[in-house]
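Biologist: Before I go back to the bench, I would like a close look at a single part of this model, starting from one of its ends, and then a connected account of what else can be read from the structure. Please take your time over it.

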Amino acid sequence: MKILVINCGSSSIKFSLFQEADEKIALIADGMLEKIGETESRLLYRSRVDGKLSPASERGLKAEDHREAFVPIVDALRAEGPLAHCDPDAIGHRVVHGGETFIGPALVDDEVLAQIRSLCPLAPLHNPVNLLGIDICRKVFPHSPQIAVFDTAFHQTLPPRAYRYAVPEAWFERYGIRRYGFHGTSHQYLTMKAADYLGCNPHSLKLIILHLGNGASATAVKNGNSIDTSMGFTPAEGLVMGTRSGDLDPVAALYAAELFGIEQTRQDLLHRSGLKGLCRTNDMREILVLEAKGDEEARLAVELYCYRIQQYIGAYFAILGGIDALIFSGGIGENSPPIRSRIINELECLGLVIDDCANHRCGEILEIQAEGNRTKILVIRTDEALEIARQTSSALRSI
Ligand code: ADP
């Protein structure tokens, strides 16, 4: 069975093709078309040849919009590629917002499309473009079932005390203003991967998961379920991120809106805040270099970034009553030993101690706690596309 996974963003389309056989899923091709609508777009593509993934090929082309962008993607997969003689058996789509409606993957039909569309006001930058990807794929591959996999679904197990805001009830009842949580596909993948690695049933595990990429979130997992998470009504709440502020006094945002207007405040909070707001760049590699050269703004940015993460670890440690493992993932969590050690170094009081040598190793899964440390500290490479493929396959089997 061949499963195509599509992640349709505002200016890029990521795609991955998986082959499933004997309950094993393997990547056979993937790539990305980026800079849609710009003067020149770029297609990156690689496929498995003789059991190994080829180096990515790269070519410039013109793609005015998403419909045009799908043409070279489908051509690459079809022309002597893995879809040369067949269409995908199923297509899994990343959809950012599933609201309270979707607690798992859904086979796309007209009703599901209407429900996803009704959630567009809650995710105006994401759901419309996710819907566009589904619409295009339905036309290009009319015989392939389409499955929607939601970023919010894993967090639908949050109890009301974690998902409600203490605001007038009508905000929630009438307008859906509550915490939804995001990055759910990644947190779900990491939960299963940690359980598999530790040789435990996920339903017996207590975890704190840190997904630290450009967007960043922390999740408390109990018995395999998300019981709290740092992102809220939108992916702007919680940790300090690449360009988003994370937690902020709501009245400070109102005051800024009075000073600068709503639109500039929105742009500032989403695109000019976080690490970028504190020290002009959101690339943690550059920030660490600047800090090493004595840049005071970079030093504060790293301190604040790690401090906020420590606050969430402390809070989740308390509500979970201790943990089996702390997990680092995402671009920064997977690749930055100095950030991992700065976060852990002040958490000895929680029984978390890092092994400096193990922290500098590379691999798909690292175990970096000091010897004798009961609580595991793991570094796990996340794979949202694989998780979407898995959920697509299981949704298909349950039809
Ligand atoms: P996204 O949320 O866009 O998927 P990623 O998970 O790919 O982002 O993470 C991107 C971030 O990871 C970059 O902004 C960069 O700061 C950070 N990063 C990648 N490699 C390293 C590294 N070796 N050291 C520190 N940060 C890194």
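Modeller: The part I would start with is helix H7, whose N-terminal end is capped by Asp249, a side-chain oxygen of which lies 2.8 Å from the backbone nitrogen of Val251. Please keep in mind throughout that this is a predicted model. Helix H7 runs over residues 250-260 and is hardly covered, since the count of buried residues among its 11 residues is 1. At the other end, H7 is followed by Gly261, whose phi is positive, near 90 degrees.

A positive phi also turns up at two residues that are not glycine, and here a general remark helps. Most residues other than glycine have a negative phi. Glu23 has a phi near 65 degrees, and the residue sits in the loop between strand E2 (12-21) and strand E3 (24-34). Because its relative accessibility is 78%, Glu23 counts as exposed. His183 has a phi near 60 degrees and belongs to the loop between helix H5 (169-175) and helix H6 (184-198). His183, however, is buried, because its relative accessible area is 11%, which is under 20%.

To place these parts in the whole, it helps to know that the protein chain is divided into domain 1 (2-150) and domain 2 (201-384), and that the C-alpha centres of the two domains lie 29 Å apart. The largest nonpolar core has 60 residues, and Leu212, Tyr305, Leu326 and Ile343 touch the most other members. Helix H11 (residues 296-320) gives the most to this core, contributing 11 residues, and the core takes at least three residues from each of domain 1 and domain 2. Apart from this core lies another, of 26 residues, among them Ala29, Leu61, Cys137 and Phe141.

Leu212 deserves a further word. Leaving aside its neighbours within four places in sequence, Leu212 is in contact with a set of residues that includes Leu239, Tyr305, Ile309, Phe328 and Ile343, and also Gly330, Gly331 and Ile332. Those last three, Gly330, Gly331 and Ile332, are also among the residues that surround the ligand, together with others including Gly213, Asn214, Gly215, Asn335 and Ser336. As for polar contacts, an oxygen atom of the ligand is 3.0 Å from a polar backbone atom of Asn214, and an oxygen atom of the ligand is 2.7 Å from a polar backbone atom of Met284. Asp283, by contrast, takes part through its side chain, a polar atom of which lies 3.3 Å from an oxygen atom of the ligand. On its own the ligand has 580 Å² of accessible area, and the protein covers 66% of that.

From Ser336, one of the residues around the ligand, one can step to Asn359, as the C-alpha atoms of these two residues are separated by 9.1 Å while they are 23 residues apart along the chain. Asn359 lies in helix H14 (residues 356-359), and it is buried, because its relative accessible area is 0%. Beyond its neighbours within four places in sequence, Asn359 is in contact with Pro337, Arg340, Ser341, Ile354 and Ile368. Ser341, in turn, lies in helix H13 (residues 337-344) and is buried as well, with a relative accessible area of 12%. The side chain of Ser341 reaches the backbone oxygen of Pro338 at 3.2 Å, and, with neighbours within four places in sequence left aside, Ser341 is in contact with Ile354, Asp356 and Asn359.

Two further residues can be set beside each other. Ser393 has its place in helix H15 (residues 384-397) and is buried, with a relative accessible area of 1%; not counting residues up to four places away in sequence, Ser393 touches Met1, Ile3 and Glu20. Val140, found in helix H3 (residues 127-140), is partly exposed instead, because its relative accessible area of 28% falls between the 20% and 50% limits. With residues up to four places away in sequence not counted, Val140 touches Val74 and Arg78. The C-alpha atoms of Val140 and Ile332, the latter one of the residues around the ligand, are separated by 37 Å, with their positions 192 residues apart along the chain.

Note on methods: Residues are numbered from 1 along each chain as its sequence is written. This is a predicted model: local features need pLDDT of at least 70, side-chain atom pairs count only at pLDDT 80 or more; totals for chains, interfaces and linings use all residues. Side-chain values use heavy atoms; hydrogens and water are left out. Helices (H or I, at least four residues) and strands (E, at least two) are DSSP runs, numbered from the N terminus. Buried means under 20% relative accessible area, exposed over 50%, partly exposed in between (1.4 Å probe, protein chains only). Contact means heavy atoms within 4.5 Å. Domain bounds come from an automatic or database domain assignment. A nonpolar core is a set of buried Ala, Val, Leu, Ile, Met, Phe, Trp, Tyr and Cys residues joined through side-chain atoms within 4.5 Å. A residue is near a molecule or strand if one of its heavy atoms lies within 4 Å of it. A polar contact is a pair of N or O atoms within 3.5 Å; within protein, one must be able to donate a hydrogen and the other to accept it, and residues adjacent in sequence count only if both atoms are side-chain atoms. Accessible areas come from the Shrake-Rupley method with a 1.4 Å probe; for residues, only the protein chains shown count as cover.
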